Amino acid sequence: MTRLIAALAGATMLAGPALAEMKVGMITTLSGGGAGLGIDVRDGFLLAVKQAGADIEVIVKDDEQKPDVAVQLADEMIQSDGVDVLTGIIFSNIAMAVVPAALAQDRFYLSPNAGPSALAGAGCSPNYFNVAWQNDNLHEAAGAYANTAGYANTFILAPNYPAGTDALTGYKRFYEGALAGEVYTQLGQTDYAGEIAQIRASGADSVFFFLPGGMGIAFLKQYAQSGVDIPLIGPGFSFDQDILPAVGEAALGVRNTAQWSPDLDNEANRAFVESFQAEYGRLPSLYASQGFDTANLLISAMGKADVADQDAFRAALREADFASTRGDFAFGPNHHPVQDIYVREVVDADGTLTNRIVGVALEDRADAYAADCKM
Amino acid sequence: MAWTLLLEQVLNGLQYGMTLFVMASGLTLVFGVMGLINLAHGSLYMVGAFACAAVAAATGSFALGLVAALAAAAAAGALVELLVIRRLYARDHLDQVLATFALILIFSEGTRWVFGSFPLYLSIPAALSGSVPLPGGSAYPVYRLVVIAVGLAVAAFLFWLIGRTRLGVQIRAGEADREMIAALGVDISRLYTAIFALGAALAGLAGALVGALQSVQVGMGEPVLILAFVVIVIGGIGSIRGALVGALLVGLTDTLGRFLLPQAFRAVLEPSAATGVGSALASMLIYVLMAGVLIWRPKGLYGAAG
């Protein structure tokens, strides 16, 4: 059912005539618990395509957050639809299932979200461009922020799965203080009373947590209800526009790190936030900005080279000659972003919870794996 | 480790167990009396949470939200029983699993159509948002104590209903021999609709109670469904007492395991390795518990013999 609807939706989204100059296959998560992220990436991407009036045919399909479904969709898009570029994947495990095979078939892959370390280091590839971040980046920035904020005894927690251990590793890479405790929770856990009791008893001066999606909502609400008032730090994922309405006041004042914020002061971003609200009637999220930037990167490269000439097109992508919503944006040698990562604070703007930038955590940050990339 | 922290963790385990009990009691009623494996029980939990969130947002009253959650889940349950489940009693369990799995997909995508893909806001009522001091200087949220109380009230209500009322007699009789009680003039199909709606209402209540602590989002019911099945298998299928004991066992084992195991391993391993090993083992603990109970008592703790 969902696949049918997504296919129909894809069919109505054809921009331009049947024989478009560029065919893009977007595999993203449009159903299940992670659907909010995929919808925002899709909406941001399609908004940029529409604004540029670019001759791009976008085929949107739902991966249902399942690697096997995504692999099947990628095969279909490459072999029967003949797409030139793939994009859209939200989750790292799905990216790892799809991206290497797509690259082996000489397609370009532009990542609007997931940035697994395996694709940033030794497994980097000339046709893979990450337009979001390497997975560790926002956590590293949180660690750097903890130092400047003067925290010296942090309690850290994350789910017990690869992205969770990476998050804690990323935090510890920059954080210089001591650890009041280190806890791995279960993936999908919804009750954090036990962890919160440990935090209360630990004597920590700060808490760093990475709990994406509903886990973060549950943790934040329960933390606020518990009356523990040790300051929280987290990556922007748990404080973005997709989940802030569900967390409510519990998130107010929390400092979080991200490469983008709705109030980031540059022309491209002001226009993006305004037009996204006009088009969809809601504030854009981090993920929407990443989708928007991904499409604009692609459009900038199309203006310089034909996708059939892979070397020229790759060089055009590498230039990153587009007006990013993040302001300065460049690719490092491993085709991952080199960008500023900000500290944001959750504020109440006329009844809507959103983020405001309060400082820069890391300037021109690349990633820890670039040195291992040989291409 | 301070004993106050341990006391707090025991309370957390009790509270977690009570929410599991409210969820599992409905499942065990339906499974035990009607012989039906209802995978869509988690969807009814979700329906309750969404109804509560929507009504609480519209009226500002959590109490009205709770009423709406019970009503919406019971209505959805009755409707599903009349339209779909009724055709499945005579079929084998595999057909039931398939059909109720389809219901999960329908409920999930239907909820997405109505409410969108983004999680909804539902918070605990202001009157219950404080905390009470515990001996030893710690504090415990009032709302979680209320959840424990609600769980106890549901247990008392179900024991009364099954043990002391006419409906309870019919339910017990239906469990033992459904043809015979139909022959005695009990309208078995109406009885089944009522039981199914009751089970659904309990799931909706659990969803609304837990929705205020967690996130109200599509797909929230499935992880709890798995735990509810673990609970009723441990407790013995069809037994309310079994569901209560099983839920408390699972709640306490899970909460205390997550807390104590990493600490225990810290005595022999360095801290980050101890955390990793301890957490990995803690997440298996309830399944180990289930396996242990099943070896000792293949029908569960309070399962019908034979």
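Reader: Which residue of chain A forms a salt bridge with B:R144?

Author: In this predicted model, the closest N and O atoms of the pair are 3.2 Å apart. The cut-off for a salt bridge is 4 Å, and three salt bridges are counted between chain A and chain B. The partner of B:R144 is A:D191.

Reader: How many residue pairs are in polar contact across the interface of chain A and chain B?

Author: The count takes pairs in which both residues have pLDDT 80 or more. On the side of chain A that touches chain B, the elements giving two or more residues include α1 (2–12), α2 (35–52) and β7 (178–185). Also among them are α7 (193–202), α8 (214–226) and α9 (244–247) of chain A. The residues of that side divide into 15 nonpolar, 16 polar and eight charged. Across the interface, the number of residue pairs in polar contact is 17.

Reader: What area do chain A and chain B bury between them?

Author: The contact draws 39 residues from chain A and 40 residues from chain B. In chain A, the residues that lose the most area to chain B are A:Q186, A:D191 and A:Q225, together 19% of what that side buries. Carbon and sulfur atoms carry 52% of the buried area, whose total is about 3000 Å².

Reader: Which helix gives the largest share of the largest nonpolar core?

Author: This core has 87 residues, and those with the most contacts inside it are B:F21, B:L29, B:M34 and B:L158. Beyond its neighbours within four places in sequence, B:M34 is in contact with B:L29, B:Y89, B:R178, B:Y192, B:I195 and B:F196. The largest share, 14 residues, comes from helix α1 (residues 3–34) of chain B.

Reader: How many residues does the other core, apart from this one, have?

Author: Among the members of this other core are A:A54 and A:Y171. A:V273 and A:L298 also belong to the core, whose size is 73 residues.

Reader: Is A:T29 buried or exposed?

Author: A:T29 lies in the loop between β1 (22–28) and α2 of chain A. Its contacts, leaving aside neighbours within four places in sequence, include A:G34, A:G38, A:I39, A:I90 and A:F91. Because its relative accessible area is 0%, and the limit for this class is under 20%, A:T29 is buried.

Reader: Which side chain does a polar contact of 2.8 Å join to that of A:T29?

Author: A:D62, A:D63 and A:Q65 are among the residues in contact with A:T29. The polar contact of 2.8 Å runs between side chains, and the partner of A:T29 is A:D63.

Conventions
Residues are numbered from 1 along each chain as its sequence is written. Chains are lettered from A and ligands numbered from 1 in the order in which they are written. This is a predicted model: local features need pLDDT of at least 70, side-chain atom pairs count only at pLDDT 80 or more; totals for chains, interfaces and linings use all residues. Side-chain values use heavy atoms; hydrogens and water are left out. Contact means heavy atoms within 4.5 Å. Buried area is the accessible area (1.4 Å probe) that two parts lose on being put together, summed over both. A salt bridge is a side-chain nitrogen of Lys or Arg within 4 Å of a carboxyl oxygen of Asp or Glu. A polar contact is a pair of N or O atoms within 3.5 Å; within protein, one must be able to donate a hydrogen and the other to accept it, and residues adjacent in sequence count only if both atoms are side-chain atoms. Helices (H or I, at least four residues) and strands (E, at least two) are DSSP runs, numbered from the N terminus. Ala, Val, Leu, Ile, Met, Phe, Trp, Tyr, Cys and Pro count as nonpolar, Asp, Glu, Lys and Arg as charged, and the others, Gly among them, as polar. A nonpolar core is a set of buried Ala, Val, Leu, Ile, Met, Phe, Trp, Tyr and Cys residues joined through side-chain atoms within 4.5 Å. Buried means under 20% relative accessible area, exposed over 50%, partly exposed in between (1.4 Å probe, protein chains only).
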